[in-house]
Amino acid sequence: ITEALESLDGRAGVSPDEMAQLEFMFLSALDRSEHGIPNLERQIAESPAAYVQALALAYKRSDSGQDPPEWCIDDPEKRDAVISAIHRLLHQLTRIPGTDRDGKVNAEALQQWLTEVRRLCAQYARVDIGDHKIGELLSHAPADEDGVRPCIAVCEAMERIGSQRISEGFQIGIRNARGAHWRGEGGAQERGLADQYRSWAQRRAFDYPYVSSVLEAIAASYDREAEWHDSDAKVNKRLRH
């Protein structure tokens, strides 16, 4: 599938929107693939409405209002399949809106995208889940030139909003991105991660206090995990002897 999509990508007569549709059709197969979903990510990064529609298909409203008819899928089997695909899509999204071809994030473009997404989420009663998923998406932000994550453009956007739900989503996104990993005995790895995020928190504290608090919360969670692994290692050592 990757080879087929690579062959089609950029070919005359095949539009980026058509490529995005193909990537959505083969979403599960493309997870962690070499091709990925670049056209689909670009489409969503350029269209706040497309992102909010995806959220609306996957998550119910927080009130008793009605969504647009075109968002409703009557066939239960088809609806379940679409919901499953949307959850995979939201999990696979890593492109930060406003990212240019060089991989740099334009702060103004990102802020415009976020403002419209949050406006539509409020209109369609998805404020909490919208902010949570925004936080998860922003957790994929690249490091800045000084090596600190997230980059300044994302720091500015997060600082301007200052949402607790974005903070929660960002923290979950960071934790999930770690994935499966080899570990030694005790919590040394987690202490190293705690030190890294605490260092970043300190370097962002003056200009971006909200972002700094989010990074400090991540560091504190790794501190707690390190303590748990230390205790677990001590118990296992006593059991072996």
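How many nonpolar, polar and charged residues are in the lining of the second largest pocket? I began my notes with this point, working from a predicted model.

**Entry 1: the second largest pocket**

I looked up the classes and found nine nonpolar, two polar and six charged residues in the lining of the second largest pocket. Its volume I recorded as about 400 Å³. I noted that 17 residues line the second largest pocket, and that Ala 56, Leu 57, Asp 67, Arg 79 and Arg 126 lie nearest its centre. I then asked which elements give two or more residues to this lining. They are α5, which spans 48-58, and α6.

**Entry 2: the largest pocket**

I turned next to the largest pocket, which holds about 510 Å³ of space. I recorded 22 residues in its lining, with His 91, Gln 92, Leu 93, Thr 94 and His 140 lying nearest the centre. Two or more residues of the lining come from each of α6 (76-92), α8 (127-138) and α10 (164-178). I noted that α6 provides the largest share, namely four residues. By class, I found seven nonpolar, 10 polar and five charged residues in the lining of the largest pocket.

**Entry 3: helix α4**

I examined helix α4, residues 38-46, and asked which of its residues are buried. I listed Asn 39, Leu 40, Glu 41, Ile 44 and Ala 45. I then looked up what covers these buried residues, and found that the cover includes α2 (16-25), α3 (27-30), α5, α6 and α7 (107-123). I added a general reminder that an α-helix has 3.6 residues a turn, so residues three or four places apart point the same way.

**Entry 4: Gln 111**

I located Gln 111 in helix α7. Is Gln 111 buried or exposed? I entered Gln 111 as buried because its relative accessibility is 12%, and buried means under 20%. Leaving aside residues up to four places away in sequence, I found that Gln 111 touches Ala 157 and Arg 160.

**Entry 5: Gly 186**

I asked where Gly 186 is placed. I found Gly 186 in the loop between α10 and α11, the latter spanning 188-204. I entered Gly 186 as buried because its relative accessibility is 12%. I also looked up the separation of Gly 186 from Glu 227, which stands 41 residues apart from Gly 186 along the chain. I recorded 8.1 Å between the C-alpha atoms of Gly 186 and Glu 227.

Definitions and conventions: Residues numbered from 1 in each chain as written. Predicted model: local features only at pLDDT ≥ 70, side-chain atom pairs only at ≥ 80, totals over all residues. Heavy atoms only, no water. 1 Å grid on protein atoms, 1.4 Å probe; cavity = no way out; pocket = protein on both sides within 12 Å on 5 of 7 lines; lining within 4 Å. Points joined across faces, edges and corners; volume = space filled by probe spheres on them. Nonpolar A, V, L, I, M, F, W, Y, C, P; charged D, E, K, R; others polar. Buried < 20%, exposed > 50% of the residue type's maximum accessible area, 1.4 Å probe, protein only. Contact = heavy atoms within 4.5 Å.
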